[in-house]
Amino acid sequence: VADITQHHLPPLPLQLGTVDIATMVFSLSAIPPDRAPLAIRNLLLLLRPGGKVLVRDYAREDMAQLRHPAFSRMSAAPRKSTAPRMSLPAGSQ
């Protein structure tokens, strides 16, 4: 585990340019927007040429936001969703 939002990466148990696949699962939304470009740059330094980054994160009006709008990090203040209400399949809530 390393803080990829720093200007210099700490010593890692792998060499730069050697990673085939990296994942960022709900990571970008937790990084301050002004630090995101640095985090992505550092991640790309780890990838080998042709390496891939797989990203899964929140999006405006996605189901995670619609289920918990009062706790959404997509805006500074809680707001009422403007998206149409969607029902979830039984047992998925």
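Where in the chain does F26 lie? F26 sits in the loop that runs between β1 (19-25) and α1 (36-46). Keep in mind as you look around that this is a predicted model. Let's visit three spots: a surface patch, a pocket and a salt bridge.

**The surface patch**
- Three residues, V25, F26 and Y58, make a nonpolar patch of about 280 Å² on the surface.
- F26 has a relative accessible area of 33%, so this residue counts as partly exposed.

**The largest pocket**
- The largest pocket holds about 250 Å³ of space.
- Two elements, β1 and α1, each give two or more residues to the lining of this pocket.
- Among the lining residues you can find V1, A2, I4, L9 and L12, along with P13, L14, T23 and M24.
- S27, L43 and L46 also belong to the lining.
- What kinds of residues make up the lining of the largest pocket? Ten are nonpolar, two are polar and none are charged.

**The salt bridge**
- The structure has one salt bridge.
- Its partners are D20 and R48, whose closest N and O atoms are 2.3 Å apart.
- This pair links distant parts of the chain, with D20 in strand β1 and R48 in strand β2 (residues 47-56), 28 residues apart.
- Are the two partners buried or exposed? D20 is partly exposed because its relative accessible area is 43%, which falls between the 20% and 50% cut-offs.
- R48 is also partly exposed, with a relative accessibility of 34%.

Terms used: Residues numbered from 1 in each chain as written. Predicted model: local features only at pLDDT ≥ 70, side-chain atom pairs only at ≥ 80, totals over all residues. Heavy atoms only, no water. Patch = residues over 30% accessible without salt bridge, like charges linked within 9 Å, V, L, I, M, F, W, Y side chains within 5 Å. Areas by Shrake-Rupley, 256 points an atom, 1.4 Å probe, with all protein chains shown as cover. Salt bridge = Lys/Arg side-chain N within 4 Å of Asp/Glu carboxyl O. Helix = DSSP H or I, 4+ residues; strand = E, 2+ residues; numbered from the N terminus. Buried < 20%, exposed > 50% of the residue type's maximum accessible area, 1.4 Å probe, protein only. 1 Å grid on protein atoms, 1.4 Å probe; cavity = no way out; pocket = protein on both sides within 12 Å on 5 of 7 lines; lining within 4 Å. Points joined across faces, edges and corners; volume = space filled by probe spheres on them. Nonpolar A, V, L, I, M, F, W, Y, C, P; charged D, E, K, R; others polar.
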